[in-house]
Amino acid sequence: MIIKEGEILKIREQRFFRIGKEVYKKEFYDLNAFHIEQSIQLYFKYSLWKILGDFEKIHNIEKLLEYYAKASNQKEKIKKFIQKHDETINDLNIVYIERDIYPLNFPKNKSTKCFLLLKNY
């Protein structure tokens, strides 16, 4: 079976989300946040791929959301989403940057907010 390059983004997004749920149940909240961060990135990258095909590779969630807002003509919706979830988006960016450097003490309440961020969009 041949899979289009962009479809891989969707498959991997779903896998990261499932793994995120599993490690959340095991109370590994730092790993949960990392997997949810990856899932969110891949979700919006897949959405961009559907609109644009190839696009600039971005790893910062806020910048990725802003890029998606421009490409999808959903500027107001995305702007409100970023404002509403600013703290959680910042937490996820920290998780991405520090994932290999520091063991994170990531609390359950923040991990739960990361899950809700993905579900709220």
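Is Glu-27 buried or exposed? Glu-27 is exposed, because its relative accessible area is 55% and the cut-off for exposed is over 50%. One thing to say before going on: this is a predicted model.

Glu-27 sits in the loop between H1 and H2. Its phi is near 65°, which is a positive value in a residue other than glycine. For background, most residues other than glycine have a negative phi. There is a second case of this kind in the chain. Asn-73, in the loop between H3 and H4, has a phi near 60°, again positive and again in a residue other than glycine. Asn-73 also counts as exposed, because its relative accessibility is 68%.

Now the helix before Glu-27. H1 covers residues 5-25, and its 21 residues should span 30 Å at 1.5 Å a residue. The C-alpha atoms at its ends are 31 Å apart, which agrees. Which residues of H1 are buried? They are Gly-6, Glu-13, Phe-16, Phe-17, Gly-20, Val-23 and Tyr-24. Around the axis they take up an arc of only 135°, so they lie on the same side of H1. As a general point, an α-helix has 3.6 residues a turn, so residues three or four places apart point the same way. The partners of the buried residues of H1 are helix H2, residues 29-52, and helix H6, residues 108-120.

On to H2 and its crossing with H5. Helix H5 runs over residues 86-98, and the axes of H2 and H5 come within 9 Å, crossing at roughly 105°. That angle makes H2 roughly perpendicular to H5. From H2, the contact uses Asp-30, Ala-33, Phe-34, Glu-37, Gln-38, Ile-40 and Gln-41, and from H5 it uses Leu-92, Val-95 and Tyr-96. Sorted by type, the residues of this contact are 6 nonpolar, 2 polar and 2 charged.

Leu-92 is a residue of H5 that I would like to follow further. Leu-92 counts as buried, because its relative accessibility is 0%. Which residues does Leu-92 touch, leaving aside neighbours within four places in sequence? They are Ala-33, Glu-37, Ile-40, Ile-61, Cys-114 and Leu-117. Glu-62 is 30 residues from Leu-92 along the chain, and their C-alpha atoms are separated by 9.8 Å.

The last helix for today is H4, residues 75-84, where Lys-75 is found. Lys-75 is exposed, with a relative accessible area of 53%. Setting aside its neighbours within four places in sequence, Lys-75 is in contact with Ala-69 and Lys-70. Its C-alpha atom and that of Asn-60, 15 residues away along the chain, are separated by 17 Å.

Where do the buried residues of H4 lie around its axis? The residues in question are Ile-78, Phe-81 and Ile-82. Looking down the axis, they fall within an arc of 95°, so they line one face of the helix. Among the elements that cover them are helix H3, residues 61-72, and also H5 and H6. Glu-76, Lys-80, Gln-83 and Lys-84 are exposed on the other side of H4.

To recap, the buried residues of H1 lie on the same side of that helix, and the buried residues of H4 line one face. H2 is roughly perpendicular to H5, and Leu-92 is among the residues that make their contact.

Notes
Residues numbered from 1 in each chain as written. Predicted model: local features only at pLDDT ≥ 70, side-chain atom pairs only at ≥ 80, totals over all residues. Heavy atoms only, no water. Helix = DSSP H or I, 4+ residues; strand = E, 2+ residues; numbered from the N terminus. Expected span 1.5 Å × (residues − 1). Buried < 20%, exposed > 50% of the residue type's maximum accessible area, 1.4 Å probe, protein only. Arc of directions from axis to C-beta. Contact = heavy atoms within 4.5 Å. Axes fitted to C-alpha atoms, helices over the stretch in contact; angles between N-to-C directions. Parallel < 35°, antiparallel > 145°, perpendicular 65-115°, else oblique. Nonpolar A, V, L, I, M, F, W, Y, C, P; charged D, E, K, R; others polar.
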